[in-house]
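Student: I have a new model open on my screen and would like to talk it through. Could you help me read it?
Tutor: Happily, let's look at it together.

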Amino acid sequence: MAKIELQLMGRATLARDGIPQHLEPRAMAVLIRLTRDLGQPVRLETLITEVIRTVARRPGSASTRDEKLYLYRCVSQIRKALDPQRGKDTELLTKDHGRNSGYQLNLSADAIDATRFERLILDSYSLGQLHAMGQLRSALDLWTGRPLVDVVDFGWAGQWVAHLEELRDLARSRLIEHYQVAELYGEALDLAASIVRENPDDREARALLASLAGRGTATGLNRRYPTGIANTEITVRVGDLLAQDDAHLVIGFGDTFETDTVDNLIVSRSSLNGQLVHGLYAGAHEALDKEIAAALANVPSILESRTDKPSGNLRRYPVGTVATLNQANRHIFALAYSRIGNDNRASSSLDDLGKALSSLWPAVEYFGQRRPIALGVLGSGLARIDDQEHPALIELIVSSFLQYQAQARTAEELRIIVQPRDADRLSPGAVETAVLRAIEAHARTRAD
């Protein structure tokens with residue numbers, strides 16, 4: 001039996017043995033409506049009224065011959081996509097010939113991401129803490145976009161969407177509770193921060209985030225450092241970079257500025273770049289691509305061939321290229337500090353990072369109006385630099401900033417954000433030593 005996968009989170013897709021199956025929008029709407037009553041017959045009149053006629057925006061009570069014919073064509077298209085060998089005789093979509101004639105979808109519940117999502121969450125209640133956490137994470141990983149967007153204007157879809165969103169809120173709340181009990185405060189903070197990004201006006205979510213961030217203070221990582229330069233300080237903080245609403249942001253990229261998170265093949269959704277795409281661009285990586293291209297319109301580049309680089313962006317820019325992206329209340333400085341191979345793997349070095357930082361500060365000075373600038377520990381992610389640990393990378397970032405800051409005022413605060421998942425394994429003493437060593441070295445240089 002072929003493996004069928006019906007994805008209803010985000011834009012609906014149907015795949016058979018991993019191969020996408022094309023369905024016209026009206027046929028997909030019929031399939032989604034059948035999914036709502038999975039394993040139960042849905043009357044022909046119901047399908048016509050709630051799908052065919054709704055799409056056509058045509059009033060009326062009695063089904064016309066044309067409407068029935070159109071429904072039959074939709075059903076035929078669905079059957080062919082589900083089971084091309086058997087077609088009308090498939091057992092996956094059957095005809096109910098009873099008094100209330102209709103159709104019944106007979107897919108496994110686990111073949112549909114929305115129903116699998118619901119099962120994972122509800123089943124987690126009967127599991128121990130460790131297994132419940134794994135199950136809740138698996139459920140939340142299925143949420144790749146707002147569900148049922150293809151039928152969002154259909155009256156019958158609203159209640160279903162609300163139910164799925166309520167389940168998601170419940171799953172996130174329970175997972176944060178499990179994380180706290182297990183003293184996994186970094187994971188809890190990451191999840192709480194994602195909730196705040198989606199709902200910035202949710203006071204309860206913000207209060208939870210603040211409470212969890214306080215755990216970072218207890219580790220000794222949250223600290224401000226005077227630099228000896230007037231109106232300039234260094235801050236190290238545990239938290240979510242994208243949630244630094246009062247600061248401009250620096251986001252590290254490779255030299256091809258990859259943004260595509262589809263199937264996590266080029267950019268992982270869990271990476272900072274993936275969070276940028278989904279947190280600030282609602283998953284529309286094409287919109288981010290256009291902004292980056294516009295920002296770099298006058299920057300020299302080379303064009304790879306699709307033969308050499310089978311996937312991802314083809315235009316390659318020099319390491320140190322900065323694309324300044326304008327948001328309503330801040331800038332995002334997209335900084336190319338690593339090199340993307342034709343297999344889309346990132347690599348970098350301390351020299352590359354130093355060169356990139358030297359290019360970053362003039363852009364920050366020009367656009368930043370001396371507001372705080374926040375960035376993560378560049379070089380500690382997938383483009384890991386020469387196996388350097390966080391303290392060494394932090395020291396390089398601080399040293400580079402202070403060197404430029406002494407010549408031209410870039411920002412009143414350099415804020416280095418440590419990801420919560422890294423905080424528990426970092427030595428506060430090692431981080432403090434790295435920052436102070438950079439500050440002291442700069443002070444000696446100025447004295448000389």
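Student: Leu170 caught my eye first. Is Leu170 buried, partly exposed or exposed?
Tutor: Keep in mind that this is a predicted model. Leu170 lies in helix H6, residues 155-181. Buried would need under 20% relative accessible area, and exposed over 50%. Leu170 has 31% relative accessibility, so this residue counts as partly exposed.

Student: Which residues make the nonpolar surface patch of about 270 Å²?
Tutor: Leu170 of H6 is one of its members. The patch covers about 270 Å² and is made by Leu122, Tyr125 and Leu170.

Student: How far apart are the end C-alpha atoms of helix H5?
Tutor: H5 runs over residues 129-141, which is 13 residues. At 1.5 Å a residue the helix should span 18 Å. The model agrees with that expectation, because the end C-alpha atoms are apart by 18 Å.

Student: Which helices do the buried residues of H5 pack against?
Tutor: The buried residues of H5 are Ala132, Met133, Gln135, Leu136, Ala139 and Leu140. From the other side, the buried residues of H4, including Phe117 and Leu120, pack against strand E1, H5 and H6. For the buried residues of H5, the partners are helices H4 and H6.

Student: Which residue in E13 stands opposite Val322?
Tutor: Strand E12, residues 322-326, has four of its five residues buried. A hairpin through four residues joins E12 to E13, and the two strands pair in the antiparallel sense over five bridges. Opposite Val322 in E13 stands Leu335.

Methods: Residues are numbered from 1 along each chain as its sequence is written. This is a predicted model: local features need pLDDT of at least 70, side-chain atom pairs count only at pLDDT 80 or more; totals for chains, interfaces and linings use all residues. Side-chain values use heavy atoms; hydrogens and water are left out. Patches are made of residues with over 30% relative accessible area and no salt bridge: like charges are joined within 9 Å, nonpolar side chains (Val, Leu, Ile, Met, Phe, Trp, Tyr) within 5 Å. Accessible areas come from the Shrake-Rupley method with a 1.4 Å probe; for residues, only the protein chains shown count as cover. A salt bridge is a side-chain nitrogen of Lys or Arg within 4 Å of a carboxyl oxygen of Asp or Glu. Buried means under 20% relative accessible area, exposed over 50%, partly exposed in between (1.4 Å probe, protein chains only). The expected span of a helix is 1.5 Å times one less than its number of residues. Contact means heavy atoms within 4.5 Å. Two strands pair if DSSP finds at least two bridges between them.
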